[in-house]
Amino acid sequence: PRTLVLHHLQQKPTTPGHTSPLRRGGVSAEYEYLTEHVTMWNVAVERQIMVKGPDAGKSVDYVITRKASKICPVGKCKYVILCGPTGGVFNDPILLRVEEDEWWFSLADSDINMYLQGVNHDGRFDVEIAEIDVAPVQIQGPKAPALMDDLCGPHMSKMKYYDCIPAKVNGCDVMVTASGFSTELGYEIYLRDATVNAEKMWNHILDVGEKHNLKVIAPGHHRRIEAGLMSYMQDIDWEVNPYECGLGWQVDLKREDDFVGKKALAKIKKEGVTHKLAGLKINADGNSKGIEWYNSDFYHVFDLENKELIGYVSSAWYSPTQQCNIAMAMLPSAYTEFGTKVGVALPNRYKENDIDPAEVCATPFKQPPKGNEGRGLRQTGSKL
């Protein structure tokens, strides 16, 4: 139900047709709205799993790789990962601390509710675990702070990255986080009692947003790829471990307490990994056939000299800032040094050659606003 609550309200403001670097409209127009104005995204598909009770902190700590009870006080949220017993990533949600004894996992695409209930099948933690009637929208773009001030009050634009506070929108109770899937200035509004209040909040935001040139768009995958943000089930899943995808900084092996996957992750770190996710620029000198839609399948990556198949592209799009196609690709570790040349086999509609030249490069492709770098980028200097 949560995935449908706002679906019928979605309005596409873009013109028909495909996107390319040479044409306006479609997803190209959505990129412009996102990077120059302000946009609203229906992301009710992000299911909210509540963990509440006397042992909520202990329960959350056990299933994630960082000790949330120490690093995430009430009033904050954090980007976290849950790993399985073999070290693979089960999910990479935003974790909200709503109350001292209440946490929300704002999930990517998987059913963590049943997993968390399974972990606690023996009642080892005194908690309630449930999917709750909360559905989010994202407000993303440089004019987002001004719109949020008009919606909720002048304190909104003073929020710092990953702040998490209660508010009201048109009388509806919400939680607001300074976060989002674009690294543009942005917020996520988590609507309580969403099945009742969806239209009341949605239509009010549209009305207030009119003077800010607010547009409703789909989640901006072109911008999230530029930002080096991975999409669960697209770039990572349970077969990918944190050390393969730039999330090793998320794993706190110095914790004295146990957590799911700790033993496996310690072994992986000690032995190293054979493959890593890397950023690519494809035809970096210019490409007249910009990638304009989501990958329908993985694109093959080859050694340029011997044409041996070595890896695959998981996400790709045309980047207006880089003026070429950009991608994330899983490659053997030996091919992930910056500057390494590889080849990519693109679909016929995008390719310049049977195998187009590409170069491994640092991510993000486009830097976030100052203050929105996040711990991983500040600590490692790269997203992948």
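"Buried" here means under 20% relative accessible area, and "exposed" means over 50%. Keep in mind that this is a predicted model.

**View 1. The buried side of helix α8.** Four residues of α8 count as buried: Lys262, Ala264, Leu265 and Ile268. Look down the axis of α8 and these buried residues fall within an arc of 160°, so they line one face of the helix. That fits the usual helix pattern. An α-helix has 3.6 residues a turn, so residues three or four places apart point the same way. As for what sits over the buried residues of α8, the cover includes the strand β4 (82–83).

**View 2. The other face of α8, and what comes next.** Turn to the face of α8 that points away from its buried side and you'll find the exposed residues Lys263, Lys270 and Glu271. Right after α8 comes Gly272, and its phi is positive, near 85°.

**View 3. The second largest pocket.** This pocket has a volume of about 400 Å³. It is lined by 26 residues, and the closest to its centre are Tyr243, Gly246, Lys276, Leu277 and Leu384. Three elements each give two or more residues to the lining: α8 (262–271), β14 (275–282) and β19 (356–361). So the helix from the first two views turns up here too.

**View 4. A closer look at the pocket lining.** Strand β14 supplies the largest share of the lining of the second largest pocket, with four residues. Sorted by class, that lining holds twelve nonpolar, nine polar and five charged residues.

Key
Residues numbered from 1 in each chain as written. Predicted model: local features only at pLDDT ≥ 70, side-chain atom pairs only at ≥ 80, totals over all residues. Heavy atoms only, no water. 1 Å grid on protein atoms, 1.4 Å probe; cavity = no way out; pocket = protein on both sides within 12 Å on 5 of 7 lines; lining within 4 Å. Points joined across faces, edges and corners; volume = space filled by probe spheres on them. Nonpolar A, V, L, I, M, F, W, Y, C, P; charged D, E, K, R; others polar. Buried < 20%, exposed > 50% of the residue type's maximum accessible area, 1.4 Å probe, protein only. Arc of directions from axis to C-beta. Contact = heavy atoms within 4.5 Å.
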